[in-house]
Amino acid sequence: MSADPITAMTVLGTAAKIPGIVSSTLSSLKTVREMTKESKDTGLKDQLSDVYNSVLELREALHDLQTENESLRKALELKSNIGRRGEFGYFFQGDETDPLCPVCYQRDSKAVYLEKPVSGNGYVSRKCAVCGYFNQEREGTPVIRRPAY
Ligand SMILES: [Zn+2]
């Protein structure tokens, strides 16, 4: 299920506030911890410690989400700049003329350039050094050897 752009913007705006909320919550908890230092109420201290640990766990979960979000943002950015064109249906970044490997791009969402074309055995071919994709782009002009009369 995908969110509409307005909902996505609202979610992003809310998400941007979370690190500040976590930070101020930890700060408040530290203050409360200092205030209860002299207390003999071990139940209160244990509860406070549990809350403090939970907020630390939230901070870790937030960090993981931020990392995943950055990765997804990069994947989206990559996708928006890549188009398919040309005789062989290769994918290209922007106006570049070096094609990307279709397998690496479509299967793994990675922009990997195909190696430079190589001529040989009457063919021109390209391959991907990462996944091994290989394509003969076109037949080269066959070399016709005529017997000498
Ligand atoms: Zn590849």
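This is a short tour of the model you have open, one selection at a time.

**Before you click**

What you are looking at is a predicted model: local features need pLDDT of at least 70, side-chain atom pairs count only at pLDDT 80 or more, and totals for chains, interfaces and linings use all residues. Residues are numbered from 1 along each chain as its sequence is written.

Colour by pLDDT to start (the predictor's confidence in each residue, from 0 to 100). The mean for the protein is 85, with 84% of residues at 70 or more. Confidence peaks in strand β2 (residues 90-93) at a mean of 93, and bottoms out in strand β5 (residues 134-139) at 78.

Now switch to cartoon. You should find 3 helices and 5 strands, in the order α-α-β-β-α-β-β-β from the N terminus. Helices (H or I, at least four residues) and strands (E, at least two) are DSSP runs, numbered from the N terminus.

**Stop 1: helix α2**

Select residues 42-80, the 39 residues of helix α2. At 1.5 Å a residue, α2 should span 57 Å, and its end C-alpha atoms are 56 Å apart, which agrees. The expected span here is 1.5 Å times one less than the number of residues.

Buried or exposed? For that, count the other C-beta atoms, placed from the backbone, within 10 Å of a residue's own: 20 or more makes it buried, 12 or fewer exposed, and anything in between partly exposed. In α2 the number of buried residues is 0, so the helix lies largely in the open. Across the protein, buried residues make up 6% of the 149.

**Stop 2: the β1-β2 hairpin**

Move on to strand β1 (residues 82-85), which runs antiparallel to β2 and is joined to it by 4 bridges. Strands pair if DSSP finds at least two bridges between them. Pick out Ile 82 opposite Gln 93, then Arg 85 opposite Tyr 90. The hairpin has 4 residues between its strands, and Gly 86 in the turn has a positive phi of about 90°.

**Stop 3: Pro 99 and the core**

Keep Gly 86 on screen and add Pro 99: their C-alpha atoms are separated by 9.6 Å, with the two positions 13 residues apart along the chain. Pro 99 sits in the loop between β2 and α3. It is buried, with 23 other C-beta atoms within 10 Å. Leaving out residues up to four places away in sequence, Pro 99 touches Tyr 90, Phe 91, Phe 92 and Leu 114; contact means C-beta atoms, placed from the backbone, within 7 Å.

Next, select Tyr 90, Leu 100, Cys 101, Cys 104, Tyr 105, Leu 114 and Cys 128 together. These 7 residues are the largest nonpolar core, that is, a set of buried Ala, Val, Leu, Ile, Met, Phe, Trp, Tyr and Cys residues joined through C-beta atoms within 7 Å.

**Stop 4: helix α3 and the loop after it**

Zoom in on Cys 104 from that core. What does Cys 104 touch, beyond residues up to four places away in sequence? Look for Lys 110, Val 112, Cys 128, Val 130 and Cys 131.

Then click Val 103, in helix α3 (residues 102-108). It is partly exposed, with 17 other C-beta atoms within 10 Å. Outside its neighbours within four places in sequence, Val 103 contacts Cys 128, Cys 131 and Tyr 133. Try the distance tool on Val 103 and Cys 131: 28 residues apart along the chain, their C-alpha atoms are separated by 7.5 Å.

Slide along to Ser 109, in the loop between α3 and β3. It has a positive phi of about 55° although it is not a glycine. Ser 109 counts as partly exposed, with 15 C-beta neighbours inside 10 Å.

**Stop 5: the β3-β4 hairpin**

Last selection: β3 (118-120) with strand β4 (residues 123-127), an antiparallel pair joined by 3 bridges. There are 2 residues between these strands, and Asn 121 takes a positive phi near 55°. Val 118, in β3, stands opposite Ser 125 in β4. With 10 C-beta neighbours inside 10 Å, Val 118 counts as exposed. From Val 118, draw a C-alpha to C-alpha line to Gln 136: 9.5 Å in space, 18 residues apart in sequence.

Note on methods
Contact = placed C-beta atoms within 7 Å.
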